[in-house]
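Please open the model in your viewer and keep a selection command ready, for the stops below are meant to be taken in order.

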Amino acid sequence: ISENAKIGNNVKIEPGCVIGHGVTIGDNSMILSGCIIRHAIIGENFLCNEHAVIGSSSFTMAIDENGNKYRIPSMGSVHIGKNVEIGANDNIACGSCGDTVLEDYVKLDALVRIGHDVHLKKNVEITAGVTIAGFVQVDEGAYIGVGAAVRNRISIGKNCIIGMGAIVTKSVESDLTVVGNPAKRFEK
C-alpha cells in the first residue's frame, strides 16, 4: 500500500494487493486478494473481487515518423462511485486524456474488460466476459449479457438490454433490446 494512498474506515484489504500512489478508497470497502489498484478514486461500500486490475494503462497507439507504433501515455484516472462491485479478473483501464467513470451501483461480473474513457452510469449491470472498448457511454439501468462486445466511441441508451454474445457496432437507443452479430433490434 503506497504511503500516500487514502484508505477509509473499516476497509479490508486481503494479502497480495497493490494499492498505488494517490489512490483513495472509501469507507466499508473490501479489496480481495491479488487486486491491483492505481490511478483511482473509489467511493464507499466498494467490493473488488480477486485479481482485478483497476487503472491499467489505456491502449491508445500512435505512429511515429518511421511508421512504427508506440503507446501514448495515459493521462487520466478511474473514478468509481458508491456501492460498486468489480468481478474477479476484471480489467478497468484509466482514461487516456479524461477519466474512466463507474457511477454508483454499477455491478460487474468476472472477466470483464472496460476500456479507457468509458462512462458507466448508475445501476449498469455487466455480466461475465464482456468487452467494452474505449470512449463508450452506457446509460442508467442498461444490462449487457454474457460475452458481448461493444465497439469504441458509441453509446448504449438507458435501460437497454444487450443480448448474450452480441457484437454492438452502432449506438443503441434507450429501452431497446439488441442481439446478434452485428447486434440488431430484437423483435418479439
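What follows is a walk through a predicted model, from its core to a pocket and then to a glycine in a loop.

Begin with the largest nonpolar core, which comprises 47 residues, and select Ile54, Ile86, Leu108, Leu120, Ile126 and Ile132, the members that have the most contacts inside it. Colour β7 (40-42) and β12 (78-80) as well, since each of these strands supplies at least two residues of this core.

From that set, keep Ile132 and display its surroundings: leaving aside neighbours within four places in sequence, Ile132 is in contact with Arg113, Ile114, Gly115, Val118, Leu120, Ile126, Val138, Ile144 and Val150.

Next select Arg153 together with Phe135, where the charged end of the arginine sits over the ring of Phe135 at 4.1 Å from the ring centre. A search for aromatic pairs, with ring centres within 6.5 Å as the criterion, gives a count of 0.

Move on to the largest pocket, which holds about 170 Å³ of space. Its lining is made up of 13 residues, and those nearest the pocket centre are Lys170, Ser171, Val178, Ala183 and Lys184. Two elements, β26 (167-168) and β28 (184-185), give two or more residues to this lining.

Finally, select Gly165, in the loop between β25 (161-162) and β26. Is Gly165 buried or exposed? With a relative accessible area of 36%, Gly165 falls in between and is therefore partly exposed. Leaving aside neighbours within four places in sequence, Gly165 is in contact with Val146, Gly147, Ala148 and Gly180; a distance drawn between the C-alpha atoms of Gly165 and Gly180, which are 15 residues apart along the chain, reads 7.0 Å.

Technical notes:
Residues numbered from 1 in each chain as written. Predicted model: local features only at pLDDT ≥ 70, side-chain atom pairs only at ≥ 80, totals over all residues. Heavy atoms only, no water. Phe/Tyr/Trp six-rings, centres within 6.5 Å; stacked < 30°, edge-to-face > 60°. Lys NZ or Arg CZ within 6 Å of the ring centre and 35° of its normal. Core = buried A, V, L, I, M, F, W, Y, C linked by side-chain atoms within 4.5 Å. Buried < 20%, exposed > 50% of the residue type's maximum accessible area, 1.4 Å probe, protein only. Helix = DSSP H or I, 4+ residues; strand = E, 2+ residues; numbered from the N terminus. Contact = heavy atoms within 4.5 Å. 1 Å grid on protein atoms, 1.4 Å probe; cavity = no way out; pocket = protein on both sides within 12 Å on 5 of 7 lines; lining within 4 Å. Points joined across faces, edges and corners; volume = space filled by probe spheres on them.
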